[in-house]
Amino acid sequence: MLEVRAISIEYDSKPLFTDLSLTINTGEIVALTGDSGSGKTTLLRCIAGVENMASGSIILDHADITDQPAHLRRIGLVFQDNQLFPHLSVGQNIAYSLKLKGTDKKTIQAKVAHALELVGLENLANREVVNLSGGEAKRVAVARALVAEPRVLLLDEPLNGLDSRLHAKLLKDLGELIRDRGVTTLHVTHDHDEAAAIADRVIDLHQLIS
Amino acid sequence: MRQTRTRRSKFVKSLLALPTLFVLAFVVVPVANILGRTFEDISLSLLRSSAIHQVIWFTTWQAVASTMVALALAAPIAFCVANFKFKGQRLLTSLTSIPFILPSIVVGIAFLGILPGSMHRTAFALIIAHAYFNFGFAARTIGNRWLQIHPHLDDAARILGASPAKLFSTVTLPILRRSIVNTSLIVFTLSFTSYGVVRMLGGPARSTIETEIYFRAMQLGDVSGAVLLSIVQILLVGLLFLISTRFGSRDSRRVSTPTVSRQKRIDSTKNRTVIALVGLGAIGFTVLPLLAILNKSLRTSKGFTLEGWRLVVSSNELWRGLSTSFIYAFGALIIAVLLATIAATAAVYDENTAGLVGVLTSLPIVVSSVSIGLGVLITFDTPPFDWRGSQLMLPLAHAMIALPLAVRMITPVLQGIPASLRQASSVLGATTWQTWRTIDLPIIRRTIVSAAAICAAVSLGEFGASSFLVRQSNETLPVLISRLLSRPGDILQTQAFALSVILVLFSAGIIFVIDSSEDFSPAKRTANNA
């Protein structure tokens, strides 16, 4: 279970929002909507531990992780613009977290192959990420996040900028993938239809600020 | 459309004829002449001499050591500048850039002034002086590349479990690798072919290939031996460039695009302390040798004196040296900037010519300035091309040496102009020339001014080719400084140091002019990219 307790966030020394609280139950998919620039992405970055909060705390599975560095939190984040490592191939991107953990080569190969199969990119393990289409890059970003077996998955407008056909297809695939694996997920989007299609619960950011 | 392309292609090819002609005449033909002599009358027995083996070995290992020290000094500066926003950042970048455009002879003199006598003529003195010469350049180029790494890539790695050390070794370093290799190659080449620093600090016991070429040609009269060593040097540096080009082309697609600045405000005492230590250390390392030159210009063994400065101001000979240097610098900057602008335009307007432009403008780097001087000396020595005494030879040689830098400054800015702007201009009825004049020129104007300033600095400080080509009547400042230092007498020495101070001030002025120009400042360029 993820609990965000009364957090306040500043941007350029000005308060972005204050006293925001949110709880997501284990295995639940919550979609968070809000206007552009309202602070949705910053909230995700705070939960992931790559952005500082002015006050408040983050509790994950009853443990306070507020002061824990990002690399120890085991929280996955799919960036809006993917942020695939440009110097690594598709397979190497997906294997990144496994290598950091010291996983043996055989297991890495098997897990990468399985992840690629899950996202429908079986033959692209050796491709350079700069040569991927928008939809392929998004699938790789999702696979990379899931392979790390995060306790919580954060999705930052993951389907933004895709054409309508690809958007619908990826939305369906993504929903099935997350639900099958039972990952606790916070999905940020400004698209209300997308939110309704994928989430168990839809919340507007403004509702969370007390 | 095809007609427009053909017209443009013809226009570009005709443009490229001018820089090609100049590089052919003043770099390729002189070098070919050097190479040609190998097959005529040069004995290869010199290459079997153990003294020459020692010179080649010393040249190589001191260049490797200089490169490693320069990179070690540059790394913390690049880290701070690329990752933090702090007061004095611009000053730090500008100040540490000054040594790179200082005349090499001035750097040599500065370390003569700051190092104890027991360290003069040592490998340590050469290595530290070469590192001083290059560390700011290395910090700037690696720092600029680091600034272009999207900060969210760091976040992605951290979220996936990378500790700060792992983040550096698995993401930052691999992405910076090409920039580090390219920078190392340039620093190595500059240290390998360094002349002024070695002449000042090395002495006869610490000879490098470059000083040995000069020594053989001008002191021993052994032009054949000098030519042979020049060939060895060209082949070694050329081979290195060839290897690095292959390495670079493999990596060329691996570029990330920044959308937000990675420079963060300092949020912890630890970071504040690190930045303060790095900043103060870098500024101290940059400024102390320069202050030593000023101090030496004001002191003799008898104590404080303004005599050196008084003589600089009142001596006709010294004023002639100053005016000669500035006139040559003006000539060199006009020739180099004109050729560089044409070459850069050709490379950007017609992709097919980019390779040729790259090769043409790399040649003066591969061929050292001493080799250019030697080549020109042995090529233009018979009528109707006996131009050795011509006042035009030095500005031309300096222009060839400055050309690669000028091209590398102008080309990226031209490349950054969206092709759609030129297409819009063409659609509105502009010819290729009108498009260039009304679209490209206004955008690259500031860069052209910056390139001109750099060319002037290169010419003012150039010592290698000048050593071969100057006559007593047209001595440039570095040659004059070298002559003054080689003569006994305290006052002559203070004059040499006073002239060096003038060159330092000019170099510092150039860097501050360039850095105040918006399109050159690395921080602003990155912010503009965002």
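Start in chain B of this predicted model by selecting helix H20, residues 477-486. Now add what lies around the helix: the cover over the buried residues of H20(B) includes helix H4 (104-114), helix H8 (196-201), helix H13 (316-349), helix H18 (432-461), helix H19 (464-469) and helix H21 (490-516) of chain B. How many residues of H20(B) are buried? The count is 7 of its 10, so the helix is mostly covered, taking 20 or more other C-beta atoms within 10 Å as the mark of a buried residue. To see them, show the side chains of B:Leu477, B:Pro478, B:Val479, B:Leu480 and B:Ile481, then add B:Ser482 and B:Leu484.

Next, zoom out until chain B fills the view. Colour by secondary structure and you will have 22 helices and 4 strands in chain B. The radius of gyration of chain B is 24 Å, close to the 24 Å that the globule rule gives for 530 residues, so chain B is as compact as a globular protein of that length. If you turn the C-alpha trace along its principal axes, chain B spans about 65 × 65 × 50 Å. Of its 530 residues, 49% are buried. A contact map of chain B is worth a look too: among contacts with a separation of 6 or more, 83% join residues 24 or more positions apart.

Now move to the place where the two chains meet. Here 19 residues of chain A are in contact with 19 residues of chain B. On the chain A side, select helix H2 (70-73), strand E6 (75-78) and helix H3 (90-100), the elements that each give two or more residues to this surface. Colouring that side by class gives 12 nonpolar, 5 polar and 2 charged residues.

Stay with chain A and bring up its sheet. Four strands form an open sheet in the order E2-E1-E4-E5, with antiparallel pairing. Which strands stand at the edges? They are strand E2 (14-24) and strand E5 (63-64) of chain A; each has a single partner strand, so one side of each is left without a neighbour in the sheet.

For a closer view, select strand E1 (residues 2-11) of chain A together with E2(A): the two pair in the antiparallel sense over 7 bridges. Within this pair, label A:Glu10 and find A:Pro15 of E2(A) standing opposite.

Last stop: helix H1 (residues 40-48) of chain A, which packs on the sheet and touches E1, E2 and strand E4 (55-60) of chain A. Draw the axes and the direction of H1(A) makes about 120° with that of E1(A).

Note on methods: Residues are numbered from 1 along each chain as its sequence is written. Chains are lettered from A and ligands numbered from 1 in the order in which they are written. This is a predicted model: local features need pLDDT of at least 70, side-chain atom pairs count only at pLDDT 80 or more; totals for chains, interfaces and linings use all residues. Two residues are in contact if their C-beta atoms, placed from the backbone, lie within 7 Å. Ala, Val, Leu, Ile, Met, Phe, Trp, Tyr, Cys and Pro count as nonpolar, Asp, Glu, Lys and Arg as charged, and the others, Gly among them, as polar. Two strands pair if DSSP finds at least two bridges between them. Axes are lines fitted to C-alpha atoms, for helices over the stretch in contact, and angles run from 0 to 180 degrees between N-to-C directions. The radius of gyration is taken over C-alpha atoms; the globule rule is 2.2 Å times the number of residues to the power 0.38. A residue is buried if 20 or more other C-beta atoms lie within 10 Å of its own, exposed if 12 or fewer, and partly exposed in between; C-beta atoms are placed from the backbone.
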